[in-house]
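Student: I would like a close look at one part of this model, followed by an account of how the rest of the assembly is arranged around it. Please take the local question before moving outward.

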There are 2 protein chains.
Amino acid sequence: MKNVNNPTIKKLLEKYKEISLLGKVNALLGWDLNVNLPRQASAFRSEQSAYIAEVITDKWLDSKFRSLLEKANSEKDLTLEEKAIVRNLNFTAKIYYKVPKELIIENEKVTSGAFIDWRTAKEENNFKKFQPHLTKIVEIDKQIAEHLGYKSNPYDALLDLYEPELTAAECTRLFNGIKKELVPFIKKITKSKDYTDQIKFINGLTHYPKADQEKILNYTVEKMGFDFSRGRVDISAHPFTTTLGPHDIRTTTFYSETDFRESFTSSVHETGHALYELGINSDFASTPLEGGVSLGVHEGMSRFWENMVGKNPNFLRFVTPIFKSFYDKQLAGVDEAELIKAFDLVKPSLIRIHADEVTYSLHIVLRFEMENEIINGKIAVKDAPEAWREKSKKLLGVEPKTDSEGVLQDVHWAYGNLGYFPAYAMGNLYGAQVLSVMQKKVNVDKELLRGNLLPVKNWLDENLHQYGSLYFPSELIKKVTGKPLDYTYFTEYIIKKYSEIYGIATK
Amino acid sequence: MKNVNNPTIKKLLEKYKEISLLGKVNALLGWDLNVNLPRQASAFRSEQSAYIAEVITDKWLDSKFRSLLEKANSEKDLTLEEKAIVRNLNFTAKIYYKVPKELIIENEKVTSGAFIDWRTAKEENNFKKFQPHLTKIVEIDKQIAEHLGYKSNPYDALLDLYEPELTAAECTRLFNGIKKELVPFIKKITKSKDYTDQIKFINGLTHYPKADQEKILNYTVEKMGFDFSRGRVDISAHPFTTTLGPHDIRTTTFYSETDFRESFTSSVHETGHALYELGINSDFASTPLEGGVSLGVHEGMSRFWENMVGKNPNFLRFVTPIFKSFYDKQLAGVDEAELIKAFDLVKPSLIRIHADEVTYSLHIVLRFEMENEIINGKIAVKDAPEAWREKSKKLLGVEPKTDSEGVLQDVHWAYGNLGYFPAYAMGNLYGAQVLSVMQKKVNVDKELLRGNLLPVKNWLDENLHQYGSLYFPSELIKKVTGKPLDYTYFTEYIIKKYSEIYGIATK
């Protein structure tokens with residue numbers, strides 16, 4: 001690898017390569033599980049994946065690897081790349097080195113039991129069934145936080161597991177900005193003159209054949225610059241993207257034959273993830289600099305493509321005739337404006353995964369506040385349903401009638417993943433700030449109106465994708481945009497875009 | 001596992017399980033390579049597979065594993081299963097324990113160079129280019145044989161690598177029988193009154209759409225009893241079958257739109273392999289008793305289904321109306337007899353992989369004789385092309401005009417696999433001997449005429465498949481048929497079947 005000369009780091013890279021190869025093996029086991037696996041093969045596949053995960057853990061715990069990393073931490077005069085390698089190794093290693101193995105095993109035991117009861121609790125709208133599990137999970141997560149260490153807020157240690165260096169204080173600053181701007185703006189939208197949440201051509205009865213959706217999707221994905229000699233698009237129940245090698249990035253999609261928007265937007269979203277991975281400097285392959293730097297930045301790229309490109313009104317103007325050429329009968333009489341409203345419909349609702357671009361971040365803010373207060377003992381687990389309802393009303397203006405639609409809706413807590421959610425909202429902020437500087441070089445709206453997506457992809461390759469995990473998110477965003485992260489780019493983008501769509505006068 | 005109580009064997013099973021899990025990981029890497037891999041991903045995939053293979057080698061070489069196996073070898077009063085476990089571990093371990101690692105590495109180096117020059121040599125019809133490689137390969141194989149050990153013929157050590165306990169003397173006995181019976185019989189066929197090698201409806205111009213072939217194939221594969229909840233059928237350039245887990249057996253096929261016979265016969269062949277694997281006692285999963293016992297027995301099952309079922313004239317009578325329902329125009333006026341002759345065409349030719357059921361074994365006899373004489377210094381490598389031509393004329397009645405169609409046609413020698421070929425012919429003998437006893441319980445011809453394939457599959461499950469690798473081939477065949485292996489079942493089967501098809505009077 002270029003700019004790596006330090007002999008300790010070189011040895012670390014050799015050892016890390018095995019971890020990387022095995023990680024990609026597990027990625028293939030997972031991809032195949034979701035795309036191909038015969039029904040009766042799942043138990044064996046779980047066993048196989050767990051075994052490979054164990055082998056990977058053993059590599060991290062290997063005493064030679066560990067002492068090399070210790071040595072690397074005291075090396076002087078490292079290059080940018082070398083420093084990043086050590087930093088990333090420390091970042092991943094901390095869960096292995098700082099948290100006792102027994103706690104990790106207990107966590108696995110608790111969460112696998114929790115998952116089963118969470119599912120039933122959600123089905124039966126019975127929080128009581130999940131409550132003891134959540135209590136244990138919170139307890140274990142607090143212990144994990146203690147082992148990992150933090151300055152003032154234990155929740156910071158959990159946030160950092162998913163989004164390096166993110167703190168609750170930073171989330172609070174950014175999310176308060178989002179709340180301040182968007183909570184009143186959403187009310188303006190729903191009270192605007194022509195507001196409606198009905199779309200006449202998406203009604204559960206109109207049929208959009210899968211084969212046509214597939215053609216539109218392949219066309220779009222190719223226009224985005226996805227290289228089929230370095231990846232694939234397949235079908236799975238829940239769309240996802242996975243990296244099986246430096247030249248093997250695979251996305252999946254899912255076709256609903258009553259709503260052609262789903263495969264289109266999810267495909268553009270997943271391709272956004274894939275383009276990030278495909279654009280990374282190939283010199284980083286099989287090193288700790290491989291792959292996108294964080295969940296948040298990854299979600300930044302995917303949501304950028306999904307919302308700021310795929311659901312950009314100008315791009316929707318470009319694709320309207322394409323949709324209409326396939327669905328001439330189904331979309332008879334439908335014009336650009338209606339199609340734009342269908343894709344950019346704003347509708348405050350209870351369920352995060354169905355949320356639109358404007359309300360989505362508020363769903364995350366809700367979860368951030370819940371988690372931060374639960375971890376810090378300001379909300380007791382038993383009071384979580386009530387707290388959820390209150391926050392939902394305040395943030396979204398809607399109140400869940402059942403806990404299934406409220407505190408029980410997401411699987412993340414059952415998995416023990418407290419600290420995960422904020423990365424989703426960070427993605428929106430990263431994307432908008434990146435867009436604001438991209439627009440200085442690329443006339444995004446004009447290009448999208450013509451269906452030119454490559455200038456966008458090329459700009460991202462050059463200015464962001466290539467860096468892989470060389471910079472941590474906060475450094476990366478400064479490097480790309482020249483400024484530290486702020487919420488204003490996002491809220492201004494949202495207010496401008498949706499004011500136009502909904503005909504809302506701005507000052 | 002049932003009937004395993006010995007503590008040393010139990011420990012061995014624990015350790016072997018890791019080897020087995022990793023082996024199945026490599027099987028998935030290989031399956032995905034052939035079925036899905038994006039073009040630019042192949043270099044990384046090779047690296048990944050090589051790495052997993054290395055991890056597996058390390059497990060075999062692990063000193064604890066080795067001393068456990070040594071200890072197991074001196075244990076007394078073992079059960080049938082325990083003995084088989086130790087025997088199978090010794091069988092696989094010998095290449096790791098007896099052959100020096102440097103020789104294995106040299107072999108890999110030589111064969112990877114040989115493959116590239118073999119390809120060019122074959123393209124350019126230039127044996128001289130391949131000759132030095134083959135000389136080295138023979139030299140290395142002789143050294144490997146010395147390390148492995150043998151009684152009187154070094155070639156035995158190589159045969160045993162692919163078909164446990166097979167010897168050159170046994171091959172000679174069996175293959176001489178095949179020669180004696182089939183060489184004159186083939187002449188009778190080609191001189192029979194109505195003999196022709198022209199098939200009017202397979203002419204390179206008539207089109208048989210892939211989608212129809214796929215329907216026929218899925219129908220047939222399901223009739224054979226292939227369980228799609230425990231396996232898949234996909235597409236690859238060269239059809240193959242692979243075991244990714246005890247409940248995950250995958251076959252592939254390839255569609256030629258000018259010849260519908262190819263996907264049909266190759267699919268029935270591969271499904272034969274799959275049914276064997278699917279039928280194995282699930283208690284053997286992830287132990288050294290998993291999987292079919294040998295290449296020869298596996299080929300026995302696949303060729304049984306391909307030739308003795310798929311190309312059985314009665315089964316072809318059953319499927320004729322099905323083919324005609326899809327290809328009503330293409331097969332207009334074609335009757336059962338013509339379809340049978342198309343599938344059971346006997347035509348002495350130069351290329352093994354296109355050979356029919358009758359001449360196929362003679363292609364193998366040729367290769368066996370060549371290898372046995374080369375290893376024993378009776379044919380010099382430089383004289384191999386001439387020896388091949390002579391044997392081809394004697395055995396098949398046809399003489400290659402070029403070495404590309406002769407001694408250079410197969411890749412196996414370039415891979416260093418001397419000793420591999422005889423297993424193919426052994427498969428024919430196993431299959432025919434099994435059929436002879438099956439027919440005492442199952443009226444095969446009558447069932448096939450009605451399209452009933454399950455009685456055949458069920459008989460094989462009960463009498464052969466279930467045993468996996470519990471018995472070595474010679475024991476297995478005695479267990480299943482009550483008698484040691486002989487060639488007469490095969491030659492009698494061939495002579496009866498083809499005398500009827502070609503209207504040849506038998507004494």
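Student: How many other C-beta atoms lie within 10 Å of B:Glu165, and how is this residue classed for exposure?

Tutor: This is a predicted model, and in it B:Glu165 has 14 other C-beta atoms within 10 Å, so it is classed as partly exposed, a class that lies between the limits of 12 or fewer for exposed and 20 or more for buried. The residue sits in the loop that runs between helix 7 (154-162) and helix 8 (168-190) of chain B, and its phi is positive, about 70°, although it is not a glycine. Most residues other than glycine have a negative phi.

A second case is found in chain A, where A:Asn125, again a residue other than glycine, has a positive phi near 50°. A:Asn125 lies in the loop between helix 5 (101-124) and helix 6 (127-148) of chain A, and with 14 C-beta neighbours inside 10 Å it counts as partly exposed.

For a contrast in burial, one may turn to A:Thr271, which belongs to helix 10 (residues 260-278) of chain A and is buried, with 33 other C-beta atoms within 10 Å. Leaving aside residues up to four places away in sequence, A:Thr271 touches A:Val221, A:Met224, A:Phe226, A:Thr251 and A:Trp305. A:Ser302, although 31 residues from A:Thr271 in sequence, has its C-alpha 7.1 Å from that of A:Thr271.

At the level of the whole chain, the secondary structure of chain A comes to 20 helices and three strands. The radius of gyration of chain A is 23 Å, close to the 23 Å that the globule rule gives for 507 residues, so chain A is as compact as a globular protein of that length. Its C-alpha atoms fill a box of roughly 70 × 55 × 50 Å along the principal axes, and 44% of its 507 residues are buried. Of the contacts in chain A between residues at least 6 apart in sequence, 73% join residues at least 24 apart.

The two chains are related by a rotation of 180° with 0.0 Å of shift along its axis, which superposes chain B on chain A with an RMSD of 0.0 Å; that is the relation of a two-fold axis. The C-alpha of chain B nearest this axis is that of B:Val25, at 3.8 Å.

The contact between the chains takes 26 residues from chain A and 26 residues from chain B. On the side of chain B that touches chain A, two or more residues come from each of helix 1 (7-35), helix 2 (42-61) and strand 1 (231-235), and helix 1 gives the most, with seven residues. By class, that side of chain B has 11 nonpolar, seven polar and eight charged residues. Because 100% of the interface residues of chain B are also interface residues in chain A, the copies meet through the same surface.

Within this contact, the axes of helix 1 (residues 7-35) of chain A and helix 2 of chain B come within 10 Å and cross at roughly 105°, and the two helices are therefore roughly perpendicular to each other. Helix 1 of chain A contributes A:Glu18, A:Leu21, A:Lys24 and A:Val25, while helix 2 of chain B contributes B:Gln48, B:Tyr51 and B:Ile52. These contact residues divide into four nonpolar, one polar and two charged.

Notes: Residues are numbered from 1 along each chain as its sequence is written. Chains are lettered from A and ligands numbered from 1 in the order in which they are written. This is a predicted model: local features need pLDDT of at least 70, side-chain atom pairs count only at pLDDT 80 or more; totals for chains, interfaces and linings use all residues. Two residues are in contact if their C-beta atoms, placed from the backbone, lie within 7 Å. Helices (H or I, at least four residues) and strands (E, at least two) are DSSP runs, numbered from the N terminus. Ala, Val, Leu, Ile, Met, Phe, Trp, Tyr, Cys and Pro count as nonpolar, Asp, Glu, Lys and Arg as charged, and the others, Gly among them, as polar. Copies are superposed by least squares on the C-alpha atoms of residues with pLDDT of at least 70 in both. The radius of gyration is taken over C-alpha atoms; the globule rule is 2.2 Å times the number of residues to the power 0.38. Axes are lines fitted to C-alpha atoms, for helices over the stretch in contact, and angles run from 0 to 180 degrees between N-to-C directions. Angles under 35 degrees count as roughly parallel, over 145 as roughly antiparallel, 65 to 115 as roughly perpendicular and the rest as oblique.
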